[in-house]
Amino acid sequence: MILNLKRHSVLPGFGLTLGFTLLYLSLIVLIPLGATFLKTASLTWPKFWATVTSPRALASYRLSFGASAIAALINTFFGLIVAWVLVRYRFPGKRIADALVDLPFALPTAVAGISLTAVFAKNGWIGQWLEPLGIKAVFSPLGVVIALTFIGLPFVVRTVQPVLEELGTEFEEAAASLGATRWQTFTRVILPGIWPGLLTGFAMAFARAVGEYGSVVFISGNMPMRTEITPLLIITKLEQYDYAGATAIAVAMLVVSFALLLVINLLQWWTRKRFGGV
Amino acid sequence: MEGKTGSNQPGMKIEIKNITKRFGAFTALDNVSLDFPSGDLVALLGPSGCGKTTLLRIIAGMETPDSGEVLFDGEDATRRNVRERHVGLVFQHYALFRHMSVFENVAFGLRVRPREDRPSKEEIRERVHGLLKLVQLDGLAARYPTQLSGGQRQRVALARALAVQPKLLLLDEPFGALDAKVRKELRRWLRLLHDEIHITSIFVTHDQEEALEVADRVAVLNTGKLEQVGTPDDVYQRPANAFVYNFLGSGVRLAGCIKGGRLRVGSLTLDGAEASHREDQETVVYVRPHDFQVERSYDGATGIGAFVARVLPVGPVVRLELFRYDTAEFIEVELTRERFDELGLQPADIVRLKPKSARVFTEDYSI
């Protein structure tokens, strides 16, 4: 049975590479995560349940997952537009624009948090225009969304870009010649074609946002029950030497994140299988 | 039958007037004028980069010319976009919508119509199945494009294009991505289909055999210019210039000269000289490889003397690589298998050649 997994190929080394992969994943991912679960196990079940379902923790999940989902959706929409412009048009400064997209990858998240706070604060460049409209962009859930949108931008652009490039313009031309309007061409031909890429981008932006800490703590104000994200709650508990409580919340977050990503992966697998891959 | 083209009018008459198109410093089309009569199947033939695809894209409305006009049935269509032109398009790589079944692909053009002139569900189903029958794919309506062979995909693409009842069908290298055998089958089938539905069709190809076999008329293009238009027989038998002659088949170049109003090649006198040729002018004479009379033994007086360098049997014909004594050049001639067996030639045998027919062009081109 095990032997059947091995197929003849030009490059040997199935055993070696598989062994390495398992060892590597264990060292880097599984063992630390396992330790989290182990540490949590020092709590009794009622105690664990009380910790992970405390009103403060629930509020933080709502904010973390809610703001991440909103930020990922915003990124999916605008990231698609950015990718479209970068693939389809030629304009001066295109290379610079292309490079700018990657900046949120490279920038230390604390720097991002501080600059976003400065810009969106009451007296900041953008904040001063939002204030009279009654919009509070920092020290509010909106601030969390802004920070998470910033750090998630590259994911959608970079996953959709190659798909759009591969799609080319022939499908649009075919659709137009058959009488489809621009909107019909977009919704019925282009969107289904790039759907798997968009979904991947959304999933990555979402996952990144859920795990984000550095930029959010500066702009959110960190008020319990209102603007406290789950990673911050974990840090708070650690600082209070409540290691078991911190890992309990970490485990809860891990399980939810894993479940969500699994669903997205299944969706992707299904679309790919259905449409023969893009 | 409703569901083929559905209209009584077979197709549009297309006129191209003085079309010029440049891409930067590159001139893709240089003042090209061309008529496509209603109901004809016309091939745009030429080597890659000759502008044939650009011309097709201009007719389709996917490219706008720098100057010149495109007339559809006498009406100026130059500024109309792809959607407004109502042309059927078939691409080299099919461009089938991958996320739609064969049925949905063919139905697409009907489904996107505004509600008031969209056919009912039953009508759509009927028409799609009619078209799939026409392209002989009726059983595969539920398949996805990735589950079809190349030839099947191209037939789906054709059915999809015909579903909107275009008056003009444009095919961009439609058989280019298919293997040799399927390509042959499909082009014969396209010809039969066209005989049935008579829609004005233009297809781009670089394969001269394909153009000669399928088209009613062939337009030969080279470096953005129209070289010749005519029936396949016209362009093959009466090529307008050396480019057309060489593009439509191989030719052996012989040095010749006009003496006393007659064309002379070495010691031979041939027909083919024209009044436009000056006396004593050196010219290049073209002979098709199969237009040589080959005899064993050479007396040194008449014909071209050569010895056999190589014998290359290729299916029903045998190619001979010969070495000319007089000019010390290699030339390639073609014999039928029968004639070859009759002569029983071997490498190093000596032969005498006489061109049976030859062509002379005032201007000389090379490809």
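Q: In this predicted model, which residue of chain B forms a salt bridge with A:Glu173?
A: A salt bridge here needs a side-chain nitrogen of Lys or Arg within 4 Å of a carboxyl oxygen of Asp or Glu. The closest N and O atoms of the pair are 2.7 Å apart. Across the interface of chain B and chain A, the rule finds 1 salt bridge. The partner of A:Glu173 is B:Arg57.

Q: Which element gives the most residues to the side of chain B that touches chain A?
A: Let's look at the elements that give two or more residues to this side: helix H2 (82-85), strand S6 (87-90), helix H3 (102-111) and helix H5 (150-163) of chain B. The one that gives the most does so with 3 residues, and it is H3(B).

Q: What area is buried between chain B and chain A?
A: To begin with the contacts, 23 residues of chain B touch 21 residues of chain A. In chain B, B:Arg83, B:Arg98 and B:His99 lose the most area to chain A, together 32% of what that side buries. Carbon and sulfur atoms give 59% of the area buried between the two chains, which is about 2100 Å².

Q: Which residue in S19(B) stands opposite B:Ile304?
A: Now to a sheet of chain B, where 5 strands form an open, antiparallel arrangement in the order S15-S19-S16-S17-S18. Within chain B, strand S16 (residues 304-314) and strand S19 (residues 350-355) pair in the antiparallel sense over 4 bridges. Opposite B:Ile304, in S19(B), stands B:Leu353.

Notes
Residues are numbered from 1 along each chain as its sequence is written. Chains are lettered from A and ligands numbered from 1 in the order in which they are written. This is a predicted model: local features need pLDDT of at least 70, side-chain atom pairs count only at pLDDT 80 or more; totals for chains, interfaces and linings use all residues. Side-chain values use heavy atoms; hydrogens and water are left out. Contact means heavy atoms within 4.5 Å. Buried area is the accessible area (1.4 Å probe) that two parts lose on being put together, summed over both. Two strands pair if DSSP finds at least two bridges between them.
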